[in-house]
Amino acid sequence: MKLPRQVAVAVAVAISFALACSGAHAQTHGQDASSREHAAMHDAQDGEQPAQPKAAARDAKSDEATHPVTDHVPPPAPQHAMTEMSPREMTDAMEMDDTAPVAMLRFNRLERSGGNHDAATAWKLAASVGGDFDKLLVRSEGEHTQGAFEGADAEVLWSHAMATYWDTQLGVRHDFGRGAHRSWTALGVQGLAPYWFELGVTAYLGDAGRTALRAEADYDLSLTQRWILQPRLEFNAYGKADPAARIGSGLSDAALGLRLRYEIRREWAAYFGVERVERFGGTASLGEAGGVDARETRWVIGLRVWY
């Protein structure tokens, strides 16, 4: 069907007018955008911040919500290149010298105990100086009761790291206090067993064919960040009887203790607890002859300190 001539002309005129209006609107929009950019440049030169469009403002708010002001802000990039350093200088600058000597004094137990008879003061200490692999270790334990030392000894050992968490120890031990004073050659191992049990086993060789073995184990059970419960087991055995030192052959004695400590600081802790001591065989008989009970339960209170 053909349109009348007048209708065709009217349609053509309408289309031309629409195209002309569209071009004018686009030109006007471009001029407005150019004017905004020009104004923003002038504002920046005058020290003023250009106004953000609504979409940009929404994006900024969203970014602040995702990354709070308290988030870590990376430091600025270095302004100068690092000069070349020798391995020794690098170690000193980063404080990562594994061979640097370190000294430590630790009182694992410094306590007052009361049992079947008079109260006693007991100690177990260790002092060391050296590096991560080799160090000089001095340790001592015993108690003082009724004006004299009882079951006391001191050891000087060379400690060498043989594996992760494990050290071998070689040195000498000397017993002092009531009874005969004996000297021994010591060889032992100490470290952390699976599940964080701390173990120590030392064998001793003395004069006249005397031999001895000491083993101890303890475990720190953290109840809170500061309250720690520590069960502990120790026993001693001897190869031959030594009546002068009130020691029988075989399993001599064992101690099972439970201590609850409160760490005021990591270096300072106060504790209290209970310990059961059993003496066996010839050691029990010799002890009872000297007025020492074969079985005894002790209440203890003390300090654990290290520097």
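1. Glycine 291, just after helix H4, takes a positive phi of about 85 degrees. The coordinates discussed here belong to a predicted model, and the remaining points should be read with that in mind.

2. Helix H4 itself covers residues 281–289, and Thr283, Ala284 and Gly287 are buried in it. Viewed down the helix axis, these buried residues fall within an arc of 100 degrees, so they line one face of H4. Gly281 and Ala289, on the other side of H4, are exposed.

3. What do the buried residues of H4 pack against? Their partners are two strands, E11 (250–265) and E12 (268–279).

4. For the protein as a whole, the secondary structure consists of four helices and 13 strands. The chain content comes to 307 residues, of which 25% are buried. The protein exposes about 20,600 Å², and 62% of that area is supplied by carbon and sulfur atoms.

5. Contacts between residues at least 6 apart in sequence were also sorted by separation: 43% of them join residues at least 24 apart.

6. Strands E1 (residues 102–114) and E2 (residues 120–130) run antiparallel and are joined by 11 bridges. The two form a hairpin, with five residues between them. As one example of the pairing, alanine 103 has valine 129 in E2 as its bridge partner.

7. E2 is also joined to strand E3 (residues 134–145), again in an antiparallel arrangement, by 10 bridges. Here the hairpin connection runs through three residues. Serine 128 stands opposite leucine 137 of E3. E2 therefore has bridges to E1 on the one hand and to E3 on the other.

8. Valine 172 deserves a separate entry. The residue lies in strand E5, which spans residues 166–176. Is valine 172 buried or partly exposed? Its relative accessibility is 47%, and because buried means under 20% and exposed means over 50%, valine 172 counts as partly exposed.

9. Setting aside residues up to four places away in sequence, valine 172 touches Ala154, Glu155, Val156, Leu157, Trp184 and Ala186. Glycine 206 is 34 residues from valine 172 in sequence, and the C-alpha to C-alpha distance between the two is 9.8 Å.

10. A general remark for anyone inspecting the strands: in a regular strand the side chains alternate between the two faces of the sheet.

Methods:
Residues numbered from 1 in each chain as written. Predicted model: local features only at pLDDT ≥ 70, side-chain atom pairs only at ≥ 80, totals over all residues. Heavy atoms only, no water. Buried < 20%, exposed > 50% of the residue type's maximum accessible area, 1.4 Å probe, protein only. Contact = heavy atoms within 4.5 Å. Areas by Shrake-Rupley, 256 points an atom, 1.4 Å probe, with all protein chains shown as cover. Arc of directions from axis to C-beta.
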